[in-house]
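Me: I have a structure open and would like to talk it through with you. Could we go over it in questions and answers?

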Amino acid sequence: MNVKRLILVTAKHLPQHKYFETLAKQIAEQLKVPLDIIEEDYVFVNTYGEKDEFGMAWLPQLFAELNGEIKPILTRLPINEKTLDVDLEKARKDILNALGLAQ
């Protein structure tokens, strides 16, 4: 897939923000693509992101622009079932899988 850029829509006050920001920066650097970090753009996430059963989107969500199309690539952080901590390595793999770049 031809990734043009990554887009992180987030809110700095949310506990997941730091994890999403770290992952987004690492993946953007790895892929050598620009990263846009957008604060609290609910119109964007409601248009392109995942929504709950009530039709409402949440933050943060990470997107990729692929050939003019915006695709969500990480909308929730995976949790390690043994430690109950955020599993950043699984999140990284999930992002690469969503982009068709799994190793």
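Reply: Happy to! One definition to start with: helices are DSSP runs of H or I with at least four residues, strands are runs of E with at least two, and both are numbered from the N terminus. Please keep in mind that this is a predicted model.

Me: With that in hand, in which helix do Glu21 and Lys25 lie?

Reply: The side chains of Glu21 and Lys25 meet in a salt bridge, at 3.6 Å from N to O. The two residues are four apart, about one turn of the helix. The element that holds both is helix 1 (residues 17–31).

Me: Is Lys25 buried, partly exposed or exposed?

Reply: Buried means under 20% relative accessible area and exposed means over 50%, with partly exposed in between. Lys25 has a relative accessible area of 46%, so this residue falls in the middle class. Its partner Glu21, at 21%, also counts as partly exposed. The class for Lys25 is partly exposed.

Me: How many salt bridges does a search of the whole structure find?

Reply: Let me give a few examples on the way. Arg92 forms one with Glu89, the closest N and O atoms being 2.7 Å apart, and both residues lie in helix 3, three residues apart. Arg5, Asp36 and Glu65 are linked in a network of salt bridges. For the whole structure, the search finds six.

Me: How many residues apart are Glu50 and Arg76?

Reply: Glu50 forms a salt bridge with Arg76, with 3.9 Å between the closest N and O atoms. This pair links distant parts of the chain: Glu50 is in the loop between helix 2 (42–48) and strand 3 (61–66), while Arg76 is in the loop between strand 4 (69–74) and helix 3 (88–98). Their separation is 26 residues.

Me: Why does Arg76 count as exposed?

Reply: The cut-off for exposed is over 50% relative accessible area. Glu50 is only partly exposed, because its value of 34% lies between the two limits. Arg76 counts as exposed because its relative accessibility is 52%.

Me: In what order do the four strands form their sheet?

Reply: Strand 1 and strand 3 pair in the antiparallel sense over six bridges, with Val9 opposite Gln61. Strand 3 and strand 4 are also antiparallel, over five bridges. The sheet is open and its pairing is mixed; the order is 2-1-3-4.

Me: Which are the edge strands?

Reply: In the order 2-1-3-4, an edge strand is one that pairs on one side only. That description fits two elements: strand 2 (35–39) and strand 4.

Me: Which residue in the turn between strand 3 and strand 4 has a positive phi?

Reply: These two strands form a hairpin with two residues between them. Leu66 stands opposite Glu69 in strand 4. The positive phi is about 50 degrees, and the residue is Asn67.

Me: With which side chain does the side chain of Thr10 make a polar contact?

Reply: Thr10 sits in strand 1 (residues 3–10). Thr10 is buried, because its relative accessible area is 0%, and buried means under 20%. Among the residues touched by Thr10 are Ile37, Leu59 and Pro60. The polar contact, at 2.8 Å, is with the side chain of His17.

Key
Residues are numbered from 1 along each chain as its sequence is written. This is a predicted model: local features need pLDDT of at least 70, side-chain atom pairs count only at pLDDT 80 or more; totals for chains, interfaces and linings use all residues. Side-chain values use heavy atoms; hydrogens and water are left out. Buried means under 20% relative accessible area, exposed over 50%, partly exposed in between (1.4 Å probe, protein chains only). A polar contact is a pair of N or O atoms within 3.5 Å; within protein, one must be able to donate a hydrogen and the other to accept it, and residues adjacent in sequence count only if both atoms are side-chain atoms. Contact means heavy atoms within 4.5 Å. A salt bridge is a side-chain nitrogen of Lys or Arg within 4 Å of a carboxyl oxygen of Asp or Glu. Two strands pair if DSSP finds at least two bridges between them. Lists of a residue's contacts leave out its neighbours within four places in sequence.
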